[in-house]
Amino acid sequence: MIALLTRDMRLAVRAGGGFGLGLAFFLIVVVMVPFGVGPETALLSRIAPGVLWIGALLACLLSLDRIFALDWEDGSLDLLATAPLPMEAIAVVKALAHWLTSALPLVLAAPALGVLLNLPPAGYLWLILSLAVGTPALSVIGTFGAALTVGLKRGGLLLSLLVLPLYVPTLIFGAEVARRGAEGLAVATPLAMLAGISAGAVALLPFASAAVLRINLR
Amino acid sequence: MMPDLGSYAQYVLSSYAVSLVLIVVLVAMSMHRARKVKAELEAIEARVKRQSGERATRNG
Amino acid sequence: MDLTVRNLAVARGGIPVLAGVQFTVSPGRALVLRGPNGSGKTTLLRTVAGLQPPFEGSVTGAEDRIAYAAHADGIKSMLSVTENLSFWARVFGTGEIAPALAAFDLDALRDRLAGNLSAGQKRRLGLARLMVTGRPVWVLDEPTVSLDAASVALFAEAVRAHLAQGGSALMATHIDLGLTEAEPFDVTPFRARPQLSHADEAFL
Amino acid sequence: MSFWEYANPVKFIRTTDRLLPWLSVTAVLCLAVGLIWGFFFTPDDFRQGSTVKIIYLHVPSALMAINAWLMMLVASIIWIVRRHHVSALAARAAAPVGAMMTVIALATGAIWGQPMWGTWWVWDPRLTSFLILFLFYLGYIALWSAIEDDDTAADLTSILCLVGSVFALLSRYAVLFWNQGLHQGASLSLDKEENVHDVFYFPLLVSIAGFVLLFIALVFLRTQTEIRARRARALQARERLA
């Protein structure tokens, strides 16, 4: 399992692996927002938590279709299926690799982008925390979506259509934690819900992803 | 004998119009496709029956 | 332990292409599948490898004992030869890649990115992967495609060594590898009677 | 005689062919009676004025939007557990009907919201939940139409339906948490005291019955169509083999 994880991460950071693309996309989305809504700092600081969450979510979405598609095309997925690894483990490792290479950089970059949007000082800690707790859910849900669309020729758009509705609860609670944190309100309830969704998704969705992969490989 | 809908007439009427149009469109589409598929299937079934009949006479 | 295939029918796209296939491959033996294109050799191999369920019949002695190699080698072009190979070695829980590199004459290329290899070199890398799996049953689909005569000889030597160690091989190939342990198996007589998939039959 | 006999496509088509005319006639009858009764012969609400007449469309369609998804969920589980093809096809047939019910509920809700709340759209938890439900329907339908192999499509969509149901439920709670909302309480409940007034209640029941029957009739018809399309493909496949 560790071998698969290190291989996927190595592939992601090598040329053509798309590492950093998501990060750049996150930056551009955040930079575009003031052009759209106007440069007024009070407004920007009010919407900053939500914008940062949506930007991170979209940046996550961008790299989902690479999770299985490349391994599918070059036959690695077939070979992995004959390897002594259960499909569930493959799904978990793939999601983890996606989280480490795509989501974690977003979590770390979010405070810098928060500065651009005048995020209130109280909000930084909660922004990072909510993203750190919520993005694992985004990665495993995305892995499930990628597994569903792996055999399809034009799966990218369909993948977004399938995954985005599944992202709704995570987004709501995650952005709520960041918003309440920025406004100095209590964050315990949404944070608990967010952690619950993440834990539940990480624990259960790999089984669904594995089932779907088996169907698609057949 | 139109009931007096008062100042809300446009809202009530447009609700009914939108809903009925949507229902009629879906029913019409379902029935159209049902007819089309049924006709196609019957054509194929007739062809299959004819061919198997020919094969039987040829062999018999 | 033998690889045994009993009364096997395999399906492509739900429609059976071969039926009633029976054979046994004992340790130290190789079976070479023959048959024209489209006769179902690839489908048979995929079924034996467990990548798709049998239409009918059973495969025994295959579970977790198979190393499978097909047209797609699963080689990552942005990883070096060593990295590609040691990845599979670690996935299969074996450590040693040096013998595999030596057997397929890849030592000189070990630090080269796989993307910069020629088609034949890539193929050799794909076949070297078999040796690092440590699996006793090799299931090979057209292993010699794009190999030159010297490389074919290397491959034949690797298979012979594998068989000598008590391994076995099931392969589809048109080239005579000169293996005395190999017996041919023609799939043509097993062509399935035209028949619909189970899914389609439910609607007739 | 077992319920599972109807999992046989031929038996299903024969039975539904007999039922469909009756179903359609009663559906149309119920809809006509419920809607005409509601539209022409019920008084205006003292607070909401004539807009209360929208209830005869809004409530039944909202009910069916959810029930259609539940039916798809049950059908998906039956497909996963027992592999009855009719079940998978029924789920496929129901999805567009459910999506349409959702659109009706959303549209009538928006139109009702304008005079009552002064705006076409508010991010009220109920309206928002229905919007999310609509997105789930879209994804489900898109996945069905994207996959060529019928059985693979049935497998994948049924798993999507299962996972989607869990997330739809989660979204419902998330949305409730996110915004407490303007929407009035449920119009129907088992507790008679809380129900809408009798004058509105009976035409509403007839109208609901009409929507239920319409849904069943449409699902039967569309399932028949899907079965026939599958049979046509199977026959053509056999012809190619011969």
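**Talking through the chains**

Colleague: What share of the 60 residues in chain B is buried, and what makes a residue count as buried?

Modeller: Buried residues make up 13% of the 60 in chain B. A residue is called buried when 20 or more other C-beta atoms, placed from the backbone, lie within 10 Å of its own (exposed means 12 or fewer, partly exposed in between). This is a predicted model, where local features need pLDDT of at least 70 and side-chain atom pairs count only at pLDDT 80 or more, while totals for chains, interfaces and linings use all residues. Residues are numbered from 1 along each chain as its sequence is written, and chains are lettered from A and ligands numbered from 1 in the order in which they are written.

Colleague: How many helices and strands does chain B have?

Modeller: One helix and zero strands. Those are DSSP runs, numbered from the N terminus: H or I over at least four residues for a helix, E over at least two for a strand.

Colleague: What makes chains B and D touch?

Modeller: Two residues are in contact if their C-beta atoms lie within 7 Å, and 24 residues of chain B are in contact with 31 of chain D.

Colleague: And which residues of chain A's helix 4 are buried?

Modeller: In helix 4 (residues 66-73) they're Arg66(A), Ile67(A), Phe68(A) and Asp71(A). Their cover includes helix 5 (76-82), helix 6 (87-116) and helix 7 of chain A. Just after helix 4, Gly75(A) takes a positive phi of about 85°.

Colleague: How many residues join the contact of chains A and D?

Modeller: Chain A gives 18 and chain D gives 21. Helix 8 of chain A brings the largest share of chain A's side, ten residues.
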